[in-house]
Every structure is written in structure tokens, then in C-alpha cells.
Amino acid sequence: MTVKAQRLDAYVVETRARFEDLLGQMVEIPSISMDPAKAEDIRRMANLGLQVLINQGAEAQIVETGGYPIVSGGWTTGTNHPTVTIYNHLDVQPAQEPEWKQEPFVFRKEDGLYCGRGATDDKGPALAAMLGARYAIEQGVPINIRVLWELEEEIGSPHFFAGLKHHAAIPKPDSVVVSDTIWIAKGRPAMPYGLRGLLGVRVTLRTGSKDAHSGVTGGAARNPLAELMEVASACVDAKTGKVKIPGFYNDVDEPSKAEIKSFLRSGFQVRRFKEAYGFHTLRTHDPAEITRRIWAAPTFEIHGLTGGYQGPGVKTVVPGQGELKVSMRLVPNQTPEKIFALLKKYVARLNPNVKVEREGMLHPFKGSFEGPYVEAVKRAAKAGFGKEPAFIREGGSIGAVVTMQKTWKVPILFMGLSLPEHGYHAPNEYFDWGQASGGIKAFAHYFSELAGMGKR
Ligand SMILES: [Zn+2]
């Protein structure tokens with residue numbers, strides 16, 4: 001069963017006003033999951049999400065998780081048809097940056113641009129995917145489509161796993177499609193198939209009950225900051241970034257030549273990368289090496305070193321204690337548990353007085369780089385945007401994706417619709433009709449592709 005291109009084009013034109021109206025309503029609810037004062041707004045967001053699905057002819061419900069709820073709904077066409085779950089989130093980042101040129105929670109529509117916090121992350125893509133689904137259902141495509149709208153993504157999905165235990169309200173699908181990622185360049189669809197994991201660690205050392213005068217005690221007193229710096233430099237080569245913890249790289253699944261080639265088809269440019277993040281210099285300027293490092297290699301990063309005196313000038317104290325703030329980005333098939341154990345053992349050998357404590361962790365994710373689902377994503381993106389996507393990996397982490405993989409053990413694919421210039425987590429966030437309309441088309445095609453694959 002294929003989607004008729006002309007009829008789909010007409011649907012996209014007709015549906016634009018509805019898309020804009022719904023996006024406006026969603027953006028104007030400040031559903032900031034990080035801000036406890038916005039709990040009421042999160043509830044309002046869940047209710048609006050519920051209403052939107054019901055108005056589109058879906059059955060839908062609000063699923064309680066112990067934290068913020070999940071909106072779950074969908075259209076059922078037959079038990080012998082494949083079932084796909086679309087994952088998006090309707091909570092947003094705070095919007096306190098002074099650079100906002102307008103009220104972040106007042107929706108503004110201008111020449112096909114839709115401005116406001118959450119427009120591109122992730123309310124616009126959520127609506128585009130849902131409207132693509134609505135079209136496939138209207139056309140009688142033999143597929144069951146489930147919609148999962150989370151409200152805790154921006155705080156690491158702490159209750160998502162609890163939500164998935166409601167099997168009746170959130171049934172296990174045959175596959176999942178996630179729309180919450182960013183292309184590398186406009187006009188070049190890029191779909192991730194892997195995510196890095198994360199392990200946060202605090203490394204502390206206390207050698208005295210308080211800071212002491214270095215003129216009176218220096219020479220005999222131990223210096224915890226200096227000792228922590230020694231530990232840090234034993235863990236990572238600061239110039240190359242190479243991690244020196246024994247066994248750290250043992251489980252790393254190195255990207256193949258084909259994967260690196262695909263990274264380079266994403267439109268990645270070294271110059272733009274440097275500009276976007278304000279870098280004067282980099283560890284390497286080879287694009288293949290940069291993309292491998294930021295998407296498919298693990299890191300050991302030092303975020304802060306505290307203790308002693310941090311004010312202006314020099315105050316001559318010997319600190320009583322110090323703390324290194326560290327995190328490691330992990331890649332398939334590393335696990336944060338194992339890496340934490342390796343680090344702890346190594347540091348104990350380097351300096352038995354140093355304490356190593358875990359500060360949260362996320363497992364890495366690796367989906368398929370080839371196979372029928374990947375082919376379906378390729379054809380769908382081509383139909384929506386006129387170009388086959390590059391398959392890349394993401395350097396960041398989406399906790400909910402790993403939870404769905406562990407719980408359901410089904411293929412998870414990505415069809416992101418956001419562009420770098422849209423300003424994920426940044427001031428003056430926007431989405432645009434070009435990405436929305438291409439997205440509605442791509443999703444409609446994707447569902448028809450999945451229906452064609454049948455129940456697997
Ligand atoms: Zn997001």
C-alpha cells in the first residue's frame with residue numbers, strides 16, 4: 001500500500017492551519033518540567049495533548065507514573081496489522097535567557113516560522129508526526145499507530161520506566177519511531193541510529209578539617225587540589241583526550257568505514273562546528289575524525305575543580321579539601337556500571353584517600369544502521385524532503401530511548417525534524433513550515449512503508 005503523492009500534498013496544504021493552531025496552543029503552555037512551580041502547567045499540557053488526540057479520532061488517556069504523566073493514545077485498525085509507537089515529549093526547557101527578543105511563551109507566526117519555547121523541541125515535531133499518522137489512518141493504511149507523549153524528557157525521564165509498566169494503556173509495539181533530534185545542516189536529512197551514554201562522577205579528597213595558612217603549614221601539609229590534579233592527569237591525556245583508565249576502551253564498538261562515510265554525508269562542516277560553539281582551536285581538524293570523536297567515541301571530561309581559594313588575586317591557603325567534577329560520555333557497548341567500577345579501582349590504586357561517587361548515569365544506545373526499517377526511513381525521508389538521509393549518531397543521550405529498548409526489545413528508529421538554527425535549548429527557539437510539512441509527508445510515507453512490511 002503506498003501513499004498517493006498528490007492526495008498527500010493536498011492534505012498537507014489543508015492541514016497547515018490546524019498544525020499552526022495546535023502548535024500555538026501548545027507553545028503557550030509553559031510546560032517546564034525542571035521548574036516545580038510549573039506543575040500545574042504540565043497538567044494543562046497533558047490535558048491539551050489528550051484533547052488533541054481525541055479530536056483527531058484517536059482513543060487516548062493520561063497515564064500516571066508517580067511523577068509527571070504520559071499521554072498515550074492511538075488508532076487501532078486490526079490485530080493482524082503491525083503496531084508502531086511514535087515517541088515525542090511535550091515538556092520544555094526553561095526560557096530565562098536574556099537574549100529572547102519576545103516572550104518565549106507567546107506564540108508568534110511569521111512567514112512560515114513558528115517562534116516560542118518548545119516549537120522545535122519537541123512540540124512541532126510531535127504534531128507533524130501525529131498529523132502524518134492521522135493521514136495514514138484516514139487513507140486506510142493497515143497499521144496500528146500509538147502516540148507516546150512524555151512530560152519529563154528534559155529532566156532525564158525519571159518516571160518513564162514506571163509509566164511503561166501500564167501495559168494496557170501503553171502496549172508493546174512492533175517498532176518505535178522517535179522524533180526528537182536535529183539534522184546537521186538544512187536540506188540534508190540526518191537520522192541518528194546511536195546515542196552516547198553518560199556517567200557523572202564526583203572525585204573528592206579531604207586532607208584537613210579547614211584551609212590552612214601556606215606560610216605556616218606549607219611543605220608539610222598535603223594539598224588535595226594538587227593530588228586531585230594528579231589523579232585527573234592519570235585518567236586522561238589532556239592534549240589528545242585519550243582516556244588512560246585501564247580497560248576503559250575494552251567494550252567500545254568501533255564505527256565501521258561505512259558508518260564514518262555516512263557521518264560525512266550529513267553535511268558536517270568543521271568551520272561551521274567551530275563557529276557554532278565559538279572554538280578557537282580543536283584537537284583535530286579532520287572531519288571524519290571529529291565526527292567519530294563526537295558521535296562514536298567515549299570521553300573523560302573535567303567540568304570543574306573546586307576547593308581552596310577561587311576569588312580575585314592569590315590567597316595563600318593550603319585547602320582542606322577539593323572536588324573534581326567529571327563526566328564520561330560512553331558509547332555502545334560500554335556500560336556505566338562497569339566503567340564506574342574500573343574508575344573506582346584505578347583511583348584507589350592511584351590515591352587511596354580519594355573518594356569516587358556516582359552522580360547519575362545513562363546507558364548508550366545503538367539501533368540498526370541497515371536493514372528493512374532503515375530502508376523504510378530512507379524512502380520516507382526521501383519522499384518528505386527529496387533527499388535520502390545520512391545515518392549518524394548523536395553525541396548526547398535520550399534516557400527514554402534506552403528504557404524503551406530495554407523494556408520492549410523492538411527496533412527503534414529516529415526521524416528527527418529539527419535544524420541546528422532552530423535553537424534547541426537556546427533563546428529565540430523556532431520551528432518552520434518547511435520542516436513541518438516535509439515531516440508530515442515523511443511520517444505518512446513511513447507508516448505506509450511499515451504497513452507494507454507487515455507484522456514481523
Ligand atoms: Zn527534545
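Is E301 buried, exposed or partly exposed? E301 counts as partly exposed because its relative accessibility is 34%, between the 20% limit for buried and the 50% limit for exposed. The views below come from a predicted model.

**View 1. Surroundings of E301 in strand 11.** Strand 11 spans residues 301–306 and includes E301. Beyond its neighbours within four places in sequence, E301 is in contact with K325, V326 and S327. V326 sits 25 residues from E301 along the chain. The C-alpha atoms of these two residues are 5.6 Å apart.

**View 2. Donors of the zinc ion.** H89 coordinates the zinc ion through NE2. D121 contributes an OD atom, and D180 is listed with OD twice. Coordination distances run from 1.9 to 2.7 Å. The angles among the four donor atoms range from 52 to 151°, and the site is irregular.

**View 3. Chain positions of the zinc donors.** Along the chain, the donors follow the spacing H-x31-D-x58-D. H89 belongs to strand 3 (residues 83–89), while D121 belongs to helix 3 (residues 119–138). These two residues are 32 residues apart, so the pair links distant parts of the chain. Both H89 and D121 are buried.

**View 4. The protein around these sites.** The protein has 13 helices and 18 strands. Its radius of gyration is 24 Å, which agrees with the value near 23 Å for a compact globule of 456 residues. Of these residues, 54% count as buried. Among contacts with a separation of 6 or more, 80% join residues 24 or more positions apart.

Notes. Residues are numbered from 1 along each chain as its sequence is written. This is a predicted model: local features need pLDDT of at least 70, side-chain atom pairs count only at pLDDT 80 or more; totals for chains, interfaces and linings use all residues. Side-chain values use heavy atoms; hydrogens and water are left out. Donors are N, O and S atoms within 2.8 Å of the metal (3.2 Å for Na, K and Ca); water is not among the atoms, so sites may look incomplete. Four donors count as tetrahedral if all angles lie between 85 and 135 degrees; four count as square planar and six as octahedral if opposite donors are over 155 degrees apart and all others between 65 and 115; anything else is irregular. Helices (H or I, at least four residues) and strands (E, at least two) are DSSP runs, numbered from the N terminus. Buried means under 20% relative accessible area, exposed over 50%, partly exposed in between (1.4 Å probe, protein chains only). Contact means heavy atoms within 4.5 Å. The radius of gyration is taken over C-alpha atoms; the globule rule is 2.2 Å times the number of residues to the power 0.38.
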